[in-house]
Amino acid sequence: MAELRETSGTVPGKVILDHTIPKQEYEGLRLKAGQTVRVIDIEGEQVMDTVTLDANDPTEHSSMPWSNFLNRSWRLRKGHVIYSIRCNPMFKIVEDTVGVNYSGSGFCTAESNHTRYGVPHTRNCGDNLAAALAKFGIPRYLCAESGEFAIFMNVGFDPDGTCEIRPPKSKAGDYMDLEAQMDVTLALSVCPQERNPCNNFRAKPMRVIVYQR
Ligand SMILES: [Zn+2]
């Protein structure tokens, strides 16, 4: 694991951006087709929520239903592709040192936190992702819950029907590389959740590196 921590910051290409997003914060990125974004879990057990849009047409967004069906998997990992609502490839997962991610749609919101925990006005991924897209003038209603891909989020689907959020399997230095298959706008939220095991009850920062092979 010490080796992972040292190598996760070394990318196979030219670095275009290297940025640490503080805990509970967000970032909006534009990537050209062929560029790759590496998402690094700096401390471990932290989830990065993402929604992807076509950079040239923000009405075309990522679709987890189609991504699951076209990959024939509900646990997207290395080798799988994130597809759009029009079934166009948006990202290819070219590396994933964890292999446990969530593609069942939905992100935490102020409303869901209020319903679940009785606490109003909490930091949440819905607001973060909307703010990331606002940077590019994209309105909130184009930030679709069905487009949400949660990197390192661990949701159990048990044979008895139980479906619940569990602590991430990611350790310090684990990372995922997503290679853009079209020009994209990528909204990122370092999930602020501290009231359930999503981030094992403690929000932490994450690092993103954009590179060109
Ligand atoms: Zn969240």
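A residue is called buried when its relative accessible area is under 20%. The exercises below apply this cut-off and others to a predicted model.

**Exercise 1. Determine what share of the 213 residues in the protein is buried, and describe the overall fold.**

Solution.
Step 1. Buried residues account for 53% of the 213 residues.
Step 2. The secondary structure consists of four helices and 13 strands.
Step 3. For 213 residues, a compact globule would have a radius of gyration near 17 Å; the protein has 16 Å, so the two agree.
Step 4. The C-alpha trace spans about 45 × 40 × 35 Å along its principal axes.
Step 5. Of the contacts between residues at least 6 apart in sequence, 78% join residues at least 24 apart.

**Exercise 2. Characterise the surface and the charges of the protein.**

Solution.
Step 1. The accessible surface is about 9400 Å², and carbon and sulfur atoms contribute 51% of it.
Step 2. There are 24 positive and 26 negative side chains.
Step 3. The centres of these two sets are 2 Å apart.

**Exercise 3. Identify the protein donors of the zinc ion and place them along the chain.**

Solution.
Step 1. The donors are the SG atoms of Cys108, Cys125 and Cys191, which lie 2.3 Å from the zinc ion.
Step 2. Their spacing along the chain is C-x16-C-x65-C.
Step 3. Cys108 sits in the loop between strand E7 (89-96) and helix H3 (110-117), whereas Cys125 belongs to helix H4 (residues 125-134); the pair therefore ties together parts that are 17 residues apart in sequence.
Step 4. Cys108 has 9% relative accessibility and so counts as buried. Cys125, at 0%, also counts as buried.

**Exercise 4. Establish how many of the 10 residues of H4 are buried, and what covers them.**

Solution.
Step 1. Seven of the 10 residues are buried, which leaves H4 mostly covered.
Step 2. These residues are Cys125, Gly126, Asn128, Leu129, Ala130, Ala132 and Leu133.
Step 3. Their cover includes strand E2 (26-31), strand E4 (48-54) and strand E12 (184-190).
Step 4. Cys125 thus appears both among the buried residues of H4 and among the donors of the zinc ion.

**Exercise 5. Decide whether Val81 is buried or exposed, and describe its surroundings.**

Solution.
Step 1. Val81 is located in strand E6 (residues 81-83).
Step 2. Its relative accessible area is 13%; because the cut-off for burial is under 20%, Val81 is buried.
Step 3. Leaving aside residues up to four places away in sequence, Val81 touches Ser67, Asn71, Pro89, Phe91 and Lys92.
Step 4. Met206 is 125 residues from Val81 along the chain, and their C-alpha atoms are separated by 22 Å.

Key
Residues are numbered from 1 along each chain as its sequence is written. This is a predicted model: local features need pLDDT of at least 70, side-chain atom pairs count only at pLDDT 80 or more; totals for chains, interfaces and linings use all residues. Side-chain values use heavy atoms; hydrogens and water are left out. Helices (H or I, at least four residues) and strands (E, at least two) are DSSP runs, numbered from the N terminus. The radius of gyration is taken over C-alpha atoms; the globule rule is 2.2 Å times the number of residues to the power 0.38. Buried means under 20% relative accessible area, exposed over 50%, partly exposed in between (1.4 Å probe, protein chains only). Contact means heavy atoms within 4.5 Å. Accessible areas come from the Shrake-Rupley method with a 1.4 Å probe; for residues, only the protein chains shown count as cover. Lys and Arg count as positive and Asp and Glu as negative; His and the chain ends are not counted. The place of a charge is taken as NZ of Lys, CZ of Arg, CG of Asp or CD of Glu. Donors are N, O and S atoms within 2.8 Å of the metal (3.2 Å for Na, K and Ca); water is not among the atoms, so sites may look incomplete.
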